[in-house]
Amino acid sequence: YQQIEERYPEEFALRDLDKYNYRYPQGESYQDVCCRLEPIIMDLEKQDQVVLICHQAVLRCIVGYFLNLSTQEIPYIRIPLHTIIKINPVAYGCEKEEISFGVESSVTHRDRQSQESIEKRLLDLANGESNTT
């Protein structure tokens, strides 16, 4: 994230404003990914047991669906590396269980930024300041 923030600070700040709907130039938004996954998710619901190996963003969309999370929550679901994410059906929904392989790795999760800090960064960029947070 740091390299993107340094090279493309305005795009980085705009993404923070609405991470679910934001689309990098020539890229996909979380909304695009969720729409693309819809037929796959419908098939997953019909299965007894499934193993998926996928990118974190794709897994966020799938986990968000099964946990019935809002579109504002999906981009911020913690999906650690080197971890099995097990979705267990329970009464009225599903629960998420994490099974770690115990492999040390960098943390790729980034918390939601406050609206005020995003707006300040955009204002600073508009005024020609390039400080990153």
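How many positive and how many negative side chains does the protein chain have, and how far apart do the centres of the two sets lie? There are 14 positive and 22 negative side chains, and the two centres lie 2 Å apart. For the counting, Lys and Arg are positive, Asp and Glu are negative, and His and the chain ends are not counted. Each charge is placed at NZ of Lys, CZ of Arg, CG of Asp or CD of Glu.

Some ground rules. This is a predicted model, where local features need pLDDT of at least 70, side-chain atom pairs count only at pLDDT 80 or more, and totals for chains, interfaces and linings use all residues. Residues are numbered from 1 along each chain as its sequence is written, and side-chain values use heavy atoms, with hydrogens and water left out.

Now the overall layout. The protein chain has five helices and two strands. Starting at the N terminus, the order is α-α-α-α-β-β-α. Helices here are DSSP runs of H or I with at least four residues, strands are runs of E with at least two, and both are numbered from the N terminus. The C-alpha trace spans about 55 × 35 × 25 Å along its principal axes.

Next, surface and burial. The accessible surface of the chain is about 9,400 Å², and carbon and sulfur atoms hold 50% of it. Those areas come from the Shrake-Rupley method with a 1.4 Å probe; for residues, only the protein chains shown count as cover. Of the 133 residues, 29% count as buried. Buried means under 20% relative accessible area, exposed means over 50%, and partly exposed is in between, with a 1.4 Å probe and protein chains only.

On to contacts, meaning heavy atoms within 4.5 Å. Take the contacts with a separation of 6 or more: residues 24 or more positions apart account for 45% of them.

Let me turn to helix 4, residues 56-66. Nine of its eleven residues are buried, so helix 4 is largely enclosed by the rest of the structure. Among the buried ones are Val58, Leu59, Ile62, Val63 and Phe66. Arg60 and Gln56 are on that list too. What do the buried residues of helix 4 pack against? They pack against helix 3 (30-45), strand 1 (83-90) and strand 2 (93-100).

One residue in helix 4 is cysteine 61. At 2% relative accessibility, cysteine 61 counts as buried. Leave out neighbours within four places in sequence, and cysteine 61 contacts Tyr30, Val33, Cys34, Leu37 and Ile74. Leucine 37 is 24 residues away along the chain, and its C-alpha is 8.0 Å from that of cysteine 61.

Just past this helix comes asparagine 68, with a positive phi near 60°. Asparagine 68 is not a glycine. Its place is the loop between helix 4 and strand 1. Buried or exposed? Asparagine 68 is exposed, at 69% relative accessibility.

Glutamine 26 also has a positive phi, about 60°, and is not a glycine. Glutamine 26 sits in the loop between helix 2 and helix 3. Its relative accessibility is 89%, which counts as exposed.

Now the C-terminal helix in that order, helix 5, residues 115-126. Its twelve residues reach 17 Å from first C-alpha to last, close to the expected 16 Å at 1.5 Å a residue. That expected span is 1.5 Å times one less than the number of residues. Ile118, Arg121, Leu122 and Asp124 are its buried residues. Seen down the axis of helix 5, they fall within an arc of 160°, so they line one face. The arc is taken from the directions from the helix axis to the C-beta atoms. Turned away from that side are the exposed residues Glu116, Lys120, Leu123 and Ala126. The cover over the buried residues includes helix 1 (2-7) and helix 2 (9-17). After helix 5 comes glycine 128, with a positive phi near 85°.

Alanine 13, in helix 2, ties in here. Alanine 13 is buried, with a relative accessible area of 0%. Not counting residues up to four places away in sequence, alanine 13 touches Ile118, Arg121 and Leu122. Glutamate 119 is 106 residues away along the chain, yet its C-alpha is 8.1 Å from that of alanine 13.

Last stop, tyrosine 92. Tyrosine 92 is in the loop between strand 1 and strand 2. Tyrosine 92 is exposed, at a relative accessible area of 87%.
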